[in-house]
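Here are a few exercises to work through with the model open in your viewer. Try each task before you read its solution.

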Amino acid sequence: MRLFQAALIFNGYVVPLSGTFDSTTASQTTAFQSFSGLSATGAANFQTWAALLVSTGDPNRAVSAADTATPITASKATTLANGGYLTVGRYLTVSSKRIQPDELGTMFAAGLRVFPIMQESNNALSLFTLSEGKRQGEIAIRRARQLGLASGTTIYFAVDFDATDDDITAAVLPFFDGVKQAVGYSMNPSYQVGVYGTRNVCSRVSAAGFAVSSYIAAMSTGWSGNLGFPKPANWAYDQIQTVTIGSGSGSIAIDRDAKTSSSPSLGSGNVARTPRIVSGGTNQYDESGWWKWAALAMLAERADSLNQWTTGDRNYAALSRIRKPAYWLMPGQNPAENPTGLAWTVVTADPPIGLAGSLLSSWISMTINFDNLYGTAEYLSPVDSRIGDTAHFAVSTLSLMTWGSPTTGDTSPGIGEYGSWGLDLATAWNDYEEARINAGGTWNYSVRTWMAAYIGAGSAHFGRRDLQADMAADICARVCNGPSALTLDEALRRIYVGVEDNPGYLATTFVADRFGSRATMVSAATALLSNGPPASWPVRLLMTANRKPGLVTDSAAPTPTVPDPPAGVLATEIDDFANGFADAVYAAMAWTTGD
């Protein structure tokens, strides 16, 4: 009994070394059993002896958690659930072992929960530096955001070698200092750092304030960091045995893990759906599209190192970077040589209109930081099959964020819409009038038919990519601004998932959120194309060489070689044009692909 009491003392439980199993020994045994995740019987049984003396404890004891490097299919998920393994650790990175598309949904459908692990190699002292910690931390939070892991999620970073006390001081602690700094870059959502390693590694990293939860590499019973050290107070998972369970397609190799009742894990309610693509019958992550938006949103938060700006402000900064140089007067450019860029610079200012003093200085600092960070990131594709022209989407969203989105059902175009669908609609009118003139008198005056076929078409100025961008911009701007704004990546997650489920999502949502009905859409388009201010200015700007809809040729414009339309056509021209726009948008509701 003295050996049992000595083992309790060694593990931090104060008992007399009397050789008698007294009430104090019994109560402390119960406390140790509860802490270790054993049945709290108060008895000196085999499992308690094993837990006191060996890092794994009894490796054959029943546990309900596991971790695996094998992607979990439906049959493997059934094997795990039937075996009582209801919480499973899965890896964030490394293509051969990372979480696969739809894997989390498969796990949740089987009743499983998940906890994320970050490990690339991490199996040698030379791999642990401050800079490497920052790199892995940044990769981890980017992947966590891409996978939709909820704010507050604990990510376990691995130390997969027997780090001595000196190793921990010299390399492991600086590595986790870097990890914590990088994880702090993500503000919304925010994440917690966990540590995987020996008992000593977990205890020291946690004591230094770099981790909130420990995942013990207990199977390595001969590692010095597991010899002579008690379990860390914040242990959540304890890796005790490697086995293979199941058969056939359900066979899976796992590490069996003990867990506490409060071990952090994620269920279906803690993970947002991740956009994906299906190419050639293969289910893939959308790494070329939406994943880059997630990285972009994170960079905007990192650039705001002092956390001085709102989510909406950071969204604005990210979008402003994406619209350049297509919609911006770049430094050194002559405004006379790029009047369009000058116009966009004024209308969608950077910094936002009204900033002054210290706020202006802070904004400039943030955007410089962001530009530097963005220069090292993967650039977004200029064309995206779900949101159209990327720069066009960005500047249209900025215009609406700057000047405000009209309320649902407003029959007048808002100022911001002159930088979005309104301006494109005016461009389409210009194209119509030029096409009529170029036809040389053989025009049939089917304004509505022409517009319905032209808007959203592949080669039109107001083609499919521009129409997609304008509709996505309206959806995005409504949730990316103001005090309760979504982050840019979360706003785009909604859009991408919506288009994935229904290629007509953009048009359906645009009509519902902006207009509420076809009649309102026609009224708003009519108001934009009418002669009275302020709607006339974009029309006049784009039609300096052409007449305005419903009117004869402007006396200030060159006289066309083709006569103006007859009075009967002029009388219905604006209405037909507005209805043609509505026809095109409603036709987009029936799109069957995102392309």
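Where is aspartate 102 found? Keep in mind while you look that this is a predicted model.

**Exercise 1. Place aspartate 102 and describe its backbone and its surroundings.**

Solution. Start with the location: aspartate 102 sits in the loop between strand E2 (87-91) and H5. Next, check the backbone: phi of aspartate 102 is near 70°, a positive value in a residue other than glycine. Then look at the accessibility: at 41%, aspartate 102 counts as partly exposed, because partly exposed covers the range between 20% and 50%. Finally, look at its partners: aspartate 102 belongs to a network of salt bridges together with Arg273, Arg276, Glu500 and Asp501.

**Exercise 2. Take that network apart, pair by pair, and say which parts of the chain are linked.**

Solution. Begin with the general idea: side chains of opposite charge can pair when their charged atoms come close. Now take aspartate 501 and arginine 273, whose side chains meet in a salt bridge with an N to O distance of 2.6 Å. This pair links distant parts of the chain, with aspartate 501 in helix H17 (residues 488-501) and arginine 273 in the loop between strand E8 (252-259) and strand E9 (276-279), 228 residues apart. As for accessibility, aspartate 501 counts as exposed at 52%, while arginine 273 is partly exposed at 38%.

Move on to glutamate 500 and arginine 276, where the salt bridge is 3.3 Å, N to O. Glutamate 500 lies in helix H17 and arginine 276 in strand E9, so this pair ties together parts that are 224 residues apart in sequence. Glutamate 500 is partly exposed at 25%, and arginine 276 is partly exposed at 24%.

**Exercise 3. Are lysine 231 and aspartate 238 buried or exposed, and how do their side chains meet?**

Solution. Take the accessibility first: both lysine 231 and aspartate 238 are buried. Then check the geometry: their side chains meet in a salt bridge of 3.0 Å, N to O. For the whole picture, the structure holds 24 salt bridges.

**Exercise 4. Which side chains make polar contacts with the side chain of serine 214?**

Solution. Find the residue first: serine 214 lies in strand E6 (residues 213-216). Its relative accessible area is 0%, so serine 214 is buried. Now pick out the polar contacts. One goes to the side chain of asparagine 234, at 2.7 Å. Another, of 3.4 Å, joins the side chains of serine 214 and serine 206. To widen the view, leave aside neighbours within four places in sequence: the residues in contact with serine 214 then include Tyr156, Val195, Cys202, Pro232, Trp235, Ala236 and Tyr237.

**Exercise 5. Which residues of the largest nonpolar core touch the most other members?**

Solution. The core has 134 residues, and the ones that touch the most other members are Phe176, Trp293, Phe393, Leu425, Leu488 and Ile495. Its largest share, 10 residues, comes from helix H9 (residues 290-303). Now zoom in on one of these hubs. Not counting residues up to four places away in sequence, leucine 425 touches Met451, Ile455, Phe462, Ala525, Leu528, Leu529, Phe577 and Phe581. There's also a second, separate core of 11 residues, with Ala65, Tyr91, Ala158 and Tyr196 among them.

**Exercise 6. Where are the cis peptide bonds that precede proline 189 and proline 351?**

Solution. Asparagine 188 and proline 189 are joined by a cis peptide bond, with omega about 10°. Proline 189 lies in the loop between helix H7 (165-183) and strand E5 (192-197). Aspartate 350 and proline 351 are joined by a cis peptide bond too, again with omega about 10°. Proline 351 is placed in the loop between H11 and H12.

Stay there for a last step. Isoleucine 353 is in the loop between helix H11 (339-347) and helix H12 (357-374). At 54% relative accessibility, isoleucine 353 counts as exposed. Together with Trp403 and Ile415, Ile353 makes a nonpolar surface patch of about 320 Å².

Notes: Residues numbered from 1 in each chain as written. Predicted model: local features only at pLDDT ≥ 70, side-chain atom pairs only at ≥ 80, totals over all residues. Heavy atoms only, no water. Core = buried A, V, L, I, M, F, W, Y, C linked by side-chain atoms within 4.5 Å. Buried < 20%, exposed > 50% of the residue type's maximum accessible area, 1.4 Å probe, protein only. Helix = DSSP H or I, 4+ residues; strand = E, 2+ residues; numbered from the N terminus. Contact = heavy atoms within 4.5 Å. Polar contact = N/O pair within 3.5 Å; in protein donor to acceptor, adjacent residues only side chain to side chain. Patch = residues over 30% accessible without salt bridge, like charges linked within 9 Å, V, L, I, M, F, W, Y side chains within 5 Å. Areas by Shrake-Rupley, 256 points an atom, 1.4 Å probe, with all protein chains shown as cover. Salt bridge = Lys/Arg side-chain N within 4 Å of Asp/Glu carboxyl O.
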